[in-house]
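Subject: A structure for you to look at

Hi there,

I am passing a structure on to you, and I hope you enjoy exploring it. Please open it beside this email and follow along as you read.

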Amino acid sequence: MIKHTELDHATGKTRRVVDKKLLPRRSRVAYVMRSLRQNRVGVLGTCIVLFVLFVTLLGPFLAPHDPLEHNLRARFEPPGYSDASGTYVLGTDQLGRDILSRVIAGARVSVFVGVVSVIIAGVIGVSYGLLSGFAGGLLDNFMMRVADAFLAIPFIVLVVAVSGVVGAGLMTLIVILGVTSWVTYARVTRAEVLAAREMDYVMAAKALGQNNLKIMFKHILPNVTGSIIVLATSMVATTMLAEAALSFLGLGVQPPTVTWGLMLSDGRQYIGSAWWMSTFPGIAITITVLGVVFVGDWLRDLLDPQLRGQ
Amino acid sequence: MQTVSTYKASLLLAIMLVFTLSCGLAQEESEFVFAHSGPIRTMDAPVTWFGSTHWLTNTLYDCLIWRAPDNSGYVGQAAESWEAIDDVTWRFYLREGITFHNGEPLDAEAVKWNLDRVRSREDFMVHPQWQFINEVTVIDETIVEVTTNDPHAYTLNDISFNGCQLLPPDYLTEVGEEEFARNPVGSGPYQLVEFTESDRYVFEAWDGYWGGEPEVDRIIYQVIPEQASQIAALLAGQVDFVPSVPLPDIERLAAESDIALMDAAPSRLVHLYLRVETDSGAMAETYPDYEPVTLDPKIRQAVSHALDRTLLAEVQGSATPTLVRIASVHAESFADQYVGPEITDDWYDPELAKQLIVEAGFDPDNGDKPKLFFDAMAFQVGNEKEVAEVIQIMLEEVGFEVDLNILELSAYSEQVQRPGNNRDMMMVILGGSPFLTPLFYTCEWEQANYNVCVEEWSDLGKQILQTIDAEARIALWEQWQEIFIDYAQTVSLYEVTGVVAMDSAFEWQPRADGWFTFRDLKMK
Amino acid sequence: MQTFIITRLGQMVLTIFIVSLIVFFLVRLKGDPVSVMAPPTFSESQVEALRKAWGFDRPLVEQYFVFLRKALTGDFGTSIQARIPAMELVLDRLLNTYLLAAVSALVGLIIAIPLGVVSALNRNSWLDIVATMGATLGTAMPNFWLGLMLILIFSVNLRFLPAFGALEPTAIIMPALTLGTGIAARLSRLTRSSMLEVLGQDYVRTARAKGLSGRVVIIRHALRNSLLPLVTALGLQLGWLLGGSVVVESVFAWPGIGRLMIESIGVRDITVVQAALFWFALTFILINLLLDLCYTVIDPRIQLKGS
C-alpha cells in the first residue's frame, strides 16, 4: 500500500493518506473487493442498496397496480385483500390505492430526492470549501463564520423553516434540501485543502508556477473525493429521513407525487387501525437507510485510512 | 395542663379531619380534558378569527347573546332579553348586577366599550364583520341600544359572531393589552387559571357566575397535534374528548364501553372558485395575456356537472354533498332543496359536461382539451388533498386537461389566495354565514381572489340582507341561489362533518354550529 | 490560552450576527406574512392597513435594523398571534426542550456505550454486527414513526406511559427514547473506534500484562480514555437532538420550542419563528463553545495550537 503521513489541521492529529493515483487500476478493484469481503455489514448494505436501485429502475414493471389508481370500494383493506381489480398484497390506503405499488413507486422518488439533493449540496459545499481554503486569510475566516452560522441552525429546523415559508413541491424540496445541507461538505473540503496545501507535491506544483485553479482540480480535488463520497453517502440517508420528517409536518412533497415520507405521513393518523398504511413504507425507508448507512461505513473504512488496519 | 393537651388533641383531630375531608373533596373534583389539535391563539378574543380559539374564549367570556346549542335561535348571556325597536335598532337588556371575574361590573358602558373596540380596531381580524353597526348607545346602566347602518336581517347572528366576547374595560385599560393576553379576565362560567401558550389551558369553575357555578370543576384544553396521539390518549384515559375520529378508528372506539361516539355538526364548506374575469388583483400583472377557459360560462357549468359530489364527500371521509354555499348551521328553510346526495346525484351529469365542453368550442376527442390550472391545499388532518386528486380524475374523464398543484395550507393562503396568483380554478374552504355570503357576490366587494359582478345578482344580495321579513327573504334567497348555481363561479362541493369521541362519564350534546365549547357540560 | 478564548468569542459574535441575518431574511423569503394572517374576508385596503400596523410596509433593510436593534436587548417583538412578547413564549418552553435534549443525550449514551464496547471487544464477530445493526436501526427509522409505534405499544396497549405532554415525570421516557436512539448509532460507532484505538495502545497492553482482569482494564483504562472524543461528538449531535425535537415534540405534544416553531411557521407568526430559530442557533453555538473550552483544558495539544 502506498501511503504517506499528513497533519490534519482540524484535529491536530496526524494520519495516513493513500494517494490513489498511485495505485494501478486493477489492484484498486481487487482492493475494493477484498475490503468488501472483509466487511460483512458492508456486504449486507451493498446488497440492500443494489436491491433498492433495482426496484427504482424497474419499478413500473414490478408494480402490480397503478400507484395512483383509486378503488373507493376497497379502502383501508388489510394485506392480502383481493377483489375484481386484483390482489392487494400489502393492503390498500384511504383511497383504496395499492400499498405495494406505492411503496415501489415511492422508492423512485425517495431515492431521486436523496441523490439529487446530495449532489446539489456536494457541488455547493465543495466549491465553497475549495474557495475558502484556498483564499485563506480574512475571506476564509468570514466564509467559515457563515458556514458556522448555517451549522448552528439544526439541519431539520432550517429545512422546516425554509420549506414552511416557501412551500415545497418536488423540485423545490430537492433544492431546499440541497442548499441547506452544504455546510459539512464545505468544512471537510476546506480541511482537506488546508492539509493538501502543505503537501510536497502541491508545494512543488506551486513552485513550478501552476495556477491555483489547476492545482485545485488536479491535485487537491482528487484527494478530497474520498471523504466527500463517505460524507455524501451518509447525507443520502439523512436527506431521505428529512424528506419523511417534512412530509410528517405537512411541508414535504404533495400528491400526486408518491414518496415514502408522504405515505408514512398519510398513514400515521390510522396507525392504530390500519397499521399497514404506515408500516410498509416505514420498513422500506428503514431498510434503505440502513443499507445506505452500512455502505457509508464500509466506504469510510475503505477510503478514510484513519480507521483502516484496525 | 390537662385542658391544654385536650385542646391540642382536639386541634390535631380537627386538622386531621379537615385534611381527610379536603382529600375526599379533592378526589371529587371533576376534570374534563379536551384534545385540541392546535394551534391556539390569543385569549384577547376579538383579535382573532380562528374558530378553534373561540371554543376556549367562549368558556371564559360572555357575549351579549349566543347561538342556542341546537341552533333554534339565541340564548341570552350578558343580555337577559332583547328586542327590535325598528328595522335598524336593537335594544339589549342586561342582567342586573353581573360582574367580571375580578368584580368589575358588566354594565351598559362596558358593552359599549367592547363593541366600539371591535368595530374601530382595524388590526383585529374580525374587524370587517362588525362594520354593520352604526352606533352603540347607552340608555341606562342595563340597557344598551345598537343601531345598524341599514335595515339588517341578520343582526342577532352577527352580534353573536366572533369578537362578541365582552372584556372588562377598566382592567384592560389599566394593565394594557399585553398583560391582558397573559392574564385574561372575563365574565363567563370559567376562569383561566393557568396556561402555556398554545399548549395547555386550564379553566376553573367560577362560583360567581350568574347562571350558577358550572357542574364540572375544571375544563382543560390540551393541545395534541397528532391525531393518533389524541386517540391513544383517549384510550389511555388521559383525555376525555377527541373532536375528530379518523374513519378506521371508529369501529375500534365503538367497542370501548366507556367511550361515547357522536356525530358532529358540519364544520366547514369546501368549494371550487373559478375565475370569471382577468383584470382584478395581480392577475393582469402575473399573467398579462392569460385567458382562462373558465371565462366561458359553459366551461364553468361543465366543471359543475362533471363532479360526483357524493363520491367526493365519501373521499373526504364524512361530509354532506351540497350545491350551495350556505352552511346548514345557518340554514334557513330554503337550503334543503340544494343539499344531500339525492340532489347532487341528479346534478352530476358527465355526458352533459362533455356536451358543454364541445359547445364551448373544444374538441376533446381530437386532443383539443380545455386546460385548467387547479390549485388545492393540503390539511394536516382531513383528505382535502385526496379530494383534489379525485377532482382531477373526474374532470379529465369528461375531457378537461387538469394541471394540479397542491400546497400546504399556509403556503397556499400566501401564494395562491393572494390576488391574482390563482389562475383558473382553486379549492377554497369557507364558512357559510348567510350574512357574509351575498356580500362576496356584490359588485362593490373588492375581494382578494375574484371579482364577481352581476348587477342583478348583486342587487338581490343587498336586498336579502335588508329584508327583515323572513318569508320574503327566503323567496329572495331562492332566486339568489338559482343564479349562484347557474353562474357557477363558486362550485360548492360538500360540507365536512365528523365523528367525536367522549368519555361516557360526561354528558354533552354536539352543538349545531360545530363548536366544541363546554360551558354546559354535565356529569352523568 | 487567553488569545484562543478571545478569538473564539470574536468568531462567535460574528457567527451570531450572520445567524441574525439568516433568521431575518429566511422568514421573509416569500414576502410578508400578512396574507396568511388576514382572513379571506379582508379586502385589499384592510390587508394594507394590517401591513402598516405591523410595520411590514417599511423597506426590508429598515425592518432588519429595527429587528437587530431590538434583538440586542432581547426583544424579538410581540407575537402576532398570541400578542405576548415572542421571547417570553420561547423562554416559557426553552427548559422543556433542553430537558428533553439532555435526557435524550443520556439515553443515547446509555444505549451507545455498551453497544460500542461490545462491538470493540468482539470486533468483526457476529456480536459486533448485531450491535452495529441494532445501534443503526435507531438512526434509520423515521423518528415520528418510531414515536407513534411507542405510543401504540406503551400508552394504548400496555397503558403505563402517558401519551402526551410533560405533566408527569414518566412522560419524558418515550420522547427521550425516540430522540436518543437517533444519535445512538453515531455515538456507538465512535465508542467502538476509540475503544479499538485505546485497546491497541501500550498502557492497556501493559495493564493486561500486569494481570489486571479484562473488565478492570476495559473500565478503568480503555473506556475512560475513549470517552473524550465522545464528548465532542455529543456537541455536534446536539444539532441533531434540537432538530429532532421539532418532530418529536409534535408527536408527543411536548411543550418545547420545536413545536412552538412549527406552529408559528404554519401561521406565519414570524416574530416567534425568529426568536425560536435564534435560540436554537444560540444554544448550539454556546454549548459547542463550552465543549471546545473544556476540550482545550483537557487536551493539551489543542491548547498549544490556540496560543
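Below is what was found in it, topic by topic.

Please keep in mind that this is a predicted model.

A sheet in chain B

A good place to start is an open sheet of four strands in chain B, in the order E4-E5-E7-E6, with antiparallel pairing. Strand E4 (79–86) and strand E6 (133–140) of chain B each have a single partner strand, so they stand at the edges and one side of each is left without a neighbour in the sheet. On average, neighbouring strands here are turned by 20 degrees against each other, direction ignored.

Within the sheet, look at strand E5 (residues 89–94) and strand E7 (residues 143–148) of chain B: they run antiparallel and are joined by five bridges. Across from B:Phe92 you will find B:Val144 in E7(B). Helix H3 (residues 108–120) of chain B packs on this sheet and touches E5, E6 and E7 of chain B. The direction of H3 makes about 170 degrees with that of E6(B).

Where the chains touch

Chain C meets chain A through 44 residues of chain C and 37 residues of chain A. Several helices of chain C give two or more residues to this side, including helix H1 (2–26), helix H8 (173–199) and helix H10 (214–251). On that side of chain C, 32 residues are nonpolar, nine are polar and three are charged.

Chain B also touches chain C, with 42 residues of chain B in contact with 40 residues of chain C. Which element gives the most to the side of chain B that touches chain C? That is H6(B), with five residues. This side of chain B holds 18 nonpolar, 11 polar and 13 charged residues.

The cores

The largest nonpolar core has 249 residues, and A:Val157, A:Val160, C:Ala276 and C:Leu277 have the most contacts inside it. Helix H9 (residues 212–248) of chain A gives the most to this core, with 18 residues. Another core lies apart from it, with 66 residues, among them B:Ala327, B:Val398, B:Leu407 and B:Val491.

One helix to check by eye

Finally, try helix H4 (residues 60–72) of chain C. Its 13 residues reach 18 Å from the first C-alpha to the last, close to the 18 Å expected at 1.5 Å a residue. After H4(C) comes C:Gly74, with a positive phi near 85 degrees.

Happy exploring!

Conventions. Residues are numbered from 1 along each chain as its sequence is written. Chains are lettered from A and ligands numbered from 1 in the order in which they are written. This is a predicted model: local features need pLDDT of at least 70, side-chain atom pairs count only at pLDDT 80 or more; totals for chains, interfaces and linings use all residues. Two strands pair if DSSP finds at least two bridges between them. Axes are lines fitted to C-alpha atoms, for helices over the stretch in contact, and angles run from 0 to 180 degrees between N-to-C directions. Two residues are in contact if their C-beta atoms, placed from the backbone, lie within 7 Å. Ala, Val, Leu, Ile, Met, Phe, Trp, Tyr, Cys and Pro count as nonpolar, Asp, Glu, Lys and Arg as charged, and the others, Gly among them, as polar. The expected span of a helix is 1.5 Å times one less than its number of residues. A nonpolar core is a set of buried Ala, Val, Leu, Ile, Met, Phe, Trp, Tyr and Cys residues joined through C-beta atoms within 7 Å. A residue is buried if 20 or more other C-beta atoms lie within 10 Å of its own, exposed if 12 or fewer, and partly exposed in between; C-beta atoms are placed from the backbone.
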